[in-house]
Amino acid sequence: MKEELKKENKESADQKQYVLNPNNWSVTPISSANPKVVLLTFDDSPDKYALDIAKQLKILDVNAIFFVNGHFIDNDKQKKILQQIHEMGFFIGNHTYNHVKLTDLSEEEQRNEIVKVNDAVEKITGTRPQFFRAPYGANTDFSKQLVKEEGMLLMNWSFGYDWQKEYQEKDKLTEIMLDTPYLMNGANLLMHDRKWTSEAITDIVKGYQKKGYDIIDPSQLDISPSK
Ligand SMILES: [Zn+2]
């Protein structure tokens, strides 16, 4: 299966072992990569808890994408936090500047929301984001095209719970993240920069590992746009 893809990607085959499935936003192995993986993502970063989450992930030796909003990296203290997260080896994704619904904006406003974040992140970390996730998962044809032009991979997510009232507590969140019926190979996990998420994240990661899932390194994801 996927032999043509394997050949096409031969040059980057050492690194790129997964593609994103645009139908359900899960990650699918190319050729022989382990299918039993999950992808960790943290939106609305870096507000109050992203750095703490990053430190815990570092101890667990797993990687993740932190999707950042531009308004969280305006002041020097927050710029420093972003830089720290980047220097720890985590991926910085673009979650727009002001976290507004792109479908409510003009094309020029959408461009601002997206490109300004890439410019700001590059200025702070030296690297432009490779991943994009729209607030509320709401994209337009224009934003999709722009994201492609900016060389980013657009993604929504498979499941997430930490913004729902009943799961805003460490044990309840851990339990639902591990026992949800939506858990599947390649699941793209949506979490946020939130207190209860930072309290639960070590147990969540260890729980997946106990179930036999590896945490995917985002560097293994092929970000080239689908042909
Ligand atoms: Zn968000």
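The following paragraphs describe the annotated domain, the zinc site, the central strands, the nonpolar cores, the aromatic pairs and the backbone of a predicted model.

The UniProt record, an unreviewed entry, lists residues 36-216 as "domain: NodB homology". Over this range the chain is 43% helix and 16% strand. The C-alpha atoms at the two ends of the range are 9 Å apart.

A zinc ion is held in the model by three protein donors, namely Asp44 through OD and His95 and His99 through NE2. These donors lie 2.1 Å from the ion. Along the chain, their spacing follows the pattern D-x50-H-x3-H. Histidine 95 and histidine 99 are both buried. Between these two histidines in sequence is threonine 96, which belongs to the loop between strand 5 (91-94) and helix 4. Threonine 96 has a positive phi of about 75 degrees although it is not a glycine. With a relative accessible area of 0%, threonine 96 is buried.

Strand 3 (residues 37-45) and strand 8 run parallel and are joined by six bridges. Within this pairing, leucine 39 has asparagine 188 of strand 8 as its bridge partner. Strand 8 (residues 187-192) is largely enclosed by the rest of the structure, because six of its six residues are buried. In a regular strand, side chains alternate between the two faces of the sheet. On one side of strand 8 are Ala187, Leu189 and Met191, and on the other are Asn188, Leu190 and His192; both faces are covered, as all of these residues are buried. After strand 3, the chain enters the loop that leads to helix 2, where proline 46 is placed. The peptide bond from serine 45 to proline 46 is cis, with omega near -15 degrees. Most peptide bonds, by contrast, are trans.

Nonpolar side chains tend to be buried together in soluble globular proteins. The largest nonpolar core of the model has 44 residues, of which Leu40, Leu57, Phe66 and Tyr208 touch the most other members. Two or more residues are given to this core by each of several elements: strand 3, helix 2 (50-60), strand 4 (65-68), helix 3 (76-87), helix 4 (107-125), helix 6 (170-179), strand 8 and helix 7 (195-210). Apart from this core lies another, of 26 residues, among them Phe131, Phe142, Leu153 and Leu154.

Individual residues illustrate the packing. Tyrosine 208 counts as buried, at 0% relative accessibility. Residues up to four places away in sequence aside, tyrosine 208 touches Val38, Phe159, Met177, Leu178, Leu183, Leu189, Tyr213 and Ile215. Isoleucine 201 is placed in helix 7 and is buried, with a relative accessible area of 0%. Beyond its neighbours within four places in sequence, isoleucine 201 is in contact with Phe42, Ile53, Gln56, Leu57 and Met191. Isoleucine 201 and methionine 191 are 10 residues apart along the chain, and their C-alpha atoms are separated by 9.4 Å. Burial also extends to glutamine 110, a residue of helix 4, which has a relative accessible area of 3%. Its contacts, neighbours within four places in sequence left aside, are Leu102, Leu105, Thr140, Phe142, Ser143 and Leu146.

Six aromatic pairs are found in a search of the whole structure. In one of them, the rings of phenylalanine 159 and tyrosine 161 have centres 6.0 Å apart and planes at 50 degrees, so this pair is tilted. Phenylalanine 159 and tyrosine 161 are both buried. The rings of tyrosine 208 and tyrosine 213 have centres 6.3 Å apart, and their planes stand at 80 degrees, so the pair is edge-to-face. Tyrosine 213 counts as buried, at 9% relative accessibility. In addition, Phe42, Phe66 and Phe90 form one aromatic cluster.

A further backbone feature occurs at tyrosine 136, in the loop between strand 6 (131-132) and helix 5 (141-149). Phi of tyrosine 136 is near 60 degrees, a positive value in a residue other than glycine. Most residues other than glycine have a negative phi. Tyrosine 136 is exposed, with a relative accessible area of 54%, whereas threonine 96 is buried.

Definitions and conventions
Residues are numbered from 1 along each chain as its sequence is written. This is a predicted model: local features need pLDDT of at least 70, side-chain atom pairs count only at pLDDT 80 or more; totals for chains, interfaces and linings use all residues. Side-chain values use heavy atoms; hydrogens and water are left out. UniProt positions are given in the numbering used here, feature names are shortened, and annotations may be inferred rather than shown by experiment. Helices (H or I, at least four residues) and strands (E, at least two) are DSSP runs, numbered from the N terminus. Donors are N, O and S atoms within 2.8 Å of the metal (3.2 Å for Na, K and Ca); water is not among the atoms, so sites may look incomplete. Buried means under 20% relative accessible area, exposed over 50%, partly exposed in between (1.4 Å probe, protein chains only). Two strands pair if DSSP finds at least two bridges between them. A nonpolar core is a set of buried Ala, Val, Leu, Ile, Met, Phe, Trp, Tyr and Cys residues joined through side-chain atoms within 4.5 Å. Contact means heavy atoms within 4.5 Å. Rings of Phe, Tyr and Trp (its six-membered ring) pair if their centres lie within 6.5 Å; planes under 30 degrees apart count as stacked, over 60 as edge-to-face and the rest as tilted.
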